[in-house]
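Reader: I am new to this structure and would like a friendly tour. Could you show it to me before we talk?

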Amino acid sequence: TISSREPRARWEHSTEDESATAAADDDDVYNVCDEEDGGGEFEDAKPAPSSMERLTASMKLQHLTSALVKTHTSSEFDTETRAWKFEMLFSICILLNCITIGMQSHQQVTHQFAATADGVLSFSEHVFTAIFCFEIIARICSDGWTTYSPGSWDGRSNLFDMALLLTGVLVTWIVPFITFLTKAKAPGGALHVLSVLRSFRLVRLVRVFKAVPFFREAWLLLRGLGGSARTLLWTVVVTLFVTYAFAIAGLALIVQNLRTIQSAGVDAVDSQRIDALLDILGGLDKFMFTLMQVLLQDSFHSFVREVIYFLPWTWVFFYAYIAVGCLVLMNLVTAIIVENAMLQSQQDHAQQLTDKLAKERYEIRELANLFNAMDSDKSSTVNWQEFEAAFQDPEVANRWLLLDFRPDDCSELFTMMDDGTGEIETSDFFADLLRMKGQAQAKDVYRLQDPRHLCRPPRKLLG
């Protein structure tokens, strides 16, 4: 069995050989960098450090950077988690409040609930109003008044939510208090309308759909609906234009001929049938409304058959309108909406960030399970014996394979994560594996290729 110091010793031996071999080259690179930067004239300039000093400073910088990155990433992750839980909690309260508002509206019309249930609903309104007031205060204390700035989408959303809350405070607390003092009768109708406006708080549930991966499909639908608003507007305009043009043609070709047939003399039954057709076709507004019924395919064949009875060729007119308005125009609109939704989905950087955070959470859970499986003595550290034995366990070895590490990488992997104590702590295990997992990024390759990052370490670390 290889001891816990053997991998570390091999690495130190190879590092010393490589440092001795590259010492002269490092000095030349350092001098070249000084010449490119203007002769090396800096404030508090010092003599060029030796190769070992630069190597030591580089290692210190790497450990310092790693610690700062871990601290910053952990802080951002904790903040994001708390904000997500905060939004989820109050979104549930909003959903429950909208349910109680609907039950109150139903009770005011039908009076199906008992008096006790009516009292419970009234009491719940006070509870929800207090909860939402606490939410406003918590947001102001946490993020300041800037969270209600109209300069951003979130700020305008928060302002709208505050306006809805003020209507709730007015209906629930202020007006009943004034009514109690003045002994006057409360204006129930107007206050009930203000109370119903609070149901628009359901719009805030969109934030939950956006943040929770489980609701991704619902978020895609809502975002597609919002992104298609302009397309829908122009769809209405073009549809009205096409319907307007066909209505003008229909008045000249159909309505005029129906009036001519009626004036030429028909029996009483046919005259009544023509009058019924003129009631739905005799005018530009009436003809456009009827064509919209045809476009929506809403039981239009009954009156079309009546028109065909008097004017047999008119089926061409109606089916031409269906071909242009329904088959061509509606399919084009569907294609444009789908294309816009797909384009927005590809350009949604916020959703990409959410997916990345969800992937990181999953990786952290997998790494935690892997560390617990390796830590046989539950000491929160893993030594070489535990590390090597983990690769011999088929279940743990399969987890390593999922992270692109094979049993042959066991010694090298432990060497890179070991800080010289012969044991790997939890923080080092998480940080190092997250940095080693996957392919090298462009910035990592740049650091290796750019000599300035090797020849000029920070002066503070060298001093």
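Author: Here is a short round of questions and answers about this model. This is a predicted model, in which local features need pLDDT of at least 70, side-chain atom pairs count only at pLDDT 80 or more, and totals for chains, interfaces and linings use all residues. Residues are numbered from 1 along each chain as its sequence is written, and side-chain values use heavy atoms, with hydrogens and water left out.

Reader: How many helices and strands does the protein chain have?

Author: Helices (H or I, at least four residues) and strands (E, at least two) are DSSP runs, numbered from the N terminus. Counted that way, the secondary structure of the protein chain comes to 21 helices and 2 strands.

Reader: What share of the 463 residues counts as buried?

Author: Buried means under 20% relative accessible area, exposed over 50%, and partly exposed in between (1.4 Å probe, protein chains only). Of the 463 residues in the protein chain, the buried share is 30%.

Reader: Which helix gives the most residues to the largest nonpolar core?

Author: A nonpolar core is a set of buried Ala, Val, Leu, Ile, Met, Phe, Trp, Tyr and Cys residues joined through side-chain atoms within 4.5 Å. The largest one has 26 residues, and those with the most contacts inside it are Ile254, Leu258, Phe287, Leu291 and Phe318. Two or more residues each come from H9 (229–264), H10 (268–281), H11 (284–295), H12 (301–310) and H13 (314–347). The most, 6 residues, come from helix H9.

Reader: Which residues does Leu258 touch?

Author: Contact means heavy atoms within 4.5 Å. Not counting residues up to four places away in sequence, Leu258 touches Ile274, Leu277, Leu278, Phe310 and Leu311.

Reader: How are H10 and H11 set against each other, roughly parallel or roughly perpendicular?

Author: Axes are lines fitted to C-alpha atoms, for helices over the stretch in contact, and angles run from 0 to 180 degrees between N-to-C directions. The axes of H10 and H11 come within 6 Å and cross at roughly 90°. Angles under 35 degrees count as roughly parallel, over 145 as roughly antiparallel, 65 to 115 as roughly perpendicular and the rest as oblique. That is why H10 is, relative to H11, roughly perpendicular.

Reader: Which residues make the contact of H10 with H11?

Author: H10 brings Leu278, Asp279, Ile280 and Leu281. From H11 come Lys286, Phe287 and Thr290.

Reader: Where do the buried residues of H12 sit around the axis?

Author: The buried residues of H12 are Phe303, Val304, Val307 and Phe310. Turned away from them is a face that carries the exposed residues Ser302 and Arg305. The arc is that of the directions from the helix axis to the C-beta atoms. The buried residues cover an arc of only 120°, so they lie on the same side of H12.

Reader: Is Asp270 buried or exposed?

Author: Asp270 has its place in helix H10. Leaving aside neighbours within four places in sequence, Asp270 is in contact with Tyr309 and Phe310. The relative accessible area of Asp270 is 14%, so Asp270 is buried.

Reader: What is the phi of Ser299?

Author: Ser299 is found in the loop between H11 and H12, and is exposed, with a relative accessible area of 55%. Most residues other than glycine have a negative phi. Ser299 is not a glycine, yet has a positive phi of about 50°.
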